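Q: Could you take me through one part of this model in some detail? I would like to see how a single helix sits among its surroundings.

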Amino acid sequence: MPVELINPEGLPTSDAYVQVGVATGSRTVYVSGQVARTADGQPVGGGDLAAQVEQAYLNLHTALSAAGAGFDDLAKVNVYVVGWDASSLPALMEGAGRVAARLGSFPIRPMTLVGVVALTEPDLLVEVEAVAVLP
């Protein structure tokens, strides 16, 4: 099945991956893991989990929008958090709350939260990947 690949404006580009893939026919949208980076790749929220969660979800929203989708279209979300333990939950919720306040919605969907030792770059604390389905 063909897949449309999109690197939307507003997100960093890479030679190693594409930000969004839209499968035609079933209109399933696969979004690469979003992290705390601006469109030009600059880090956001060094050492601040809440700020990084906020930026990762804002990037997820940008990616979904480029495919004609939104948080309401999400079918699955995976969140990877460096050094996760119960004390991380307030910061995670704070970042999510900022996104909800800013965008007026937040994805409450099937989700997997995975504690990891590290992500691809040492300053990253969270990565959010998702699958959306369009009519």
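A: Happy to: what follows looks at helix H1 and then at the core and strands around it. Please keep in mind that this is a predicted model.

Let's begin with the helix itself. H1 covers residues 49–66. At 1.5 Å a residue, its 18 residues should span 26 Å, and the C-alpha atoms at its ends are 26 Å apart, so expectation and model agree. At the start of H1, Asp48 brings a side-chain oxygen to within 3.1 Å of the backbone nitrogen of Ala50. Just after the helix, Gly68 adopts a positive phi of about 80°.

How enclosed is H1? Of its 18 residues, 14 are buried, so the rest of the structure largely encloses this helix. Gln55 is a nice residue to inspect here, as its place is in H1. With a relative accessible area of 15%, Gln55 counts as buried because the cut-off for that is under 20%. Setting aside neighbours within four places in sequence, Gln55 is in contact with Val35, Ala36, Arg37 and Val44.

Now for the core. In soluble globular proteins, nonpolar side chains tend to be buried together. In this model the largest nonpolar core has 28 residues, and those with the most contacts inside it include Tyr57, Leu60, Leu64 and Leu74. Two or more residues each come from strands E2 (20–23), E3 (28–34), E4 (74–82) and E6 (126–133), and from helices H1 and H2 (89–103). The largest share, 8 residues, is that of H1.

Leu74 is a good place to step from the core to the strands. Apart from its neighbours within four places in sequence, Leu74 is in contact with Leu60 and Leu64, and also with Pro107, Arg109, Ala130, Val131 and Ala132. E4, which spans 74–82, is joined to E6 by 7 bridges, and these two strands run antiparallel. Within that pairing, Val77 stands opposite Ala130 of E6.

E4 also pairs with strand E5 (residues 111–116), this time in the parallel sense, over 6 bridges. There, Val79 has Leu113 of E5 as its bridge partner. Together with H2, the strands E4 and E5 make a right-handed β-α-β unit.

To put the pieces together: H1 is largely enclosed, with 14 of its 18 residues buried, and H1 gives the core its largest share. E4 contributes to that core as well, while pairing with E6 and with E5.

How values were computed. Residues are numbered from 1 along each chain as its sequence is written. This is a predicted model: local features need pLDDT of at least 70, side-chain atom pairs count only at pLDDT 80 or more; totals for chains, interfaces and linings use all residues. Side-chain values use heavy atoms; hydrogens and water are left out. A nonpolar core is a set of buried Ala, Val, Leu, Ile, Met, Phe, Trp, Tyr and Cys residues joined through side-chain atoms within 4.5 Å. Buried means under 20% relative accessible area, exposed over 50%, partly exposed in between (1.4 Å probe, protein chains only). Helices (H or I, at least four residues) and strands (E, at least two) are DSSP runs, numbered from the N terminus. Contact means heavy atoms within 4.5 Å. The expected span of a helix is 1.5 Å times one less than its number of residues. A polar contact is a pair of N or O atoms within 3.5 Å; within protein, one must be able to donate a hydrogen and the other to accept it, and residues adjacent in sequence count only if both atoms are side-chain atoms. Two strands pair if DSSP finds at least two bridges between them. A crossover is right-handed if, with the strands pointing away from the viewer, the path from the first strand over the helix to the second runs clockwise.
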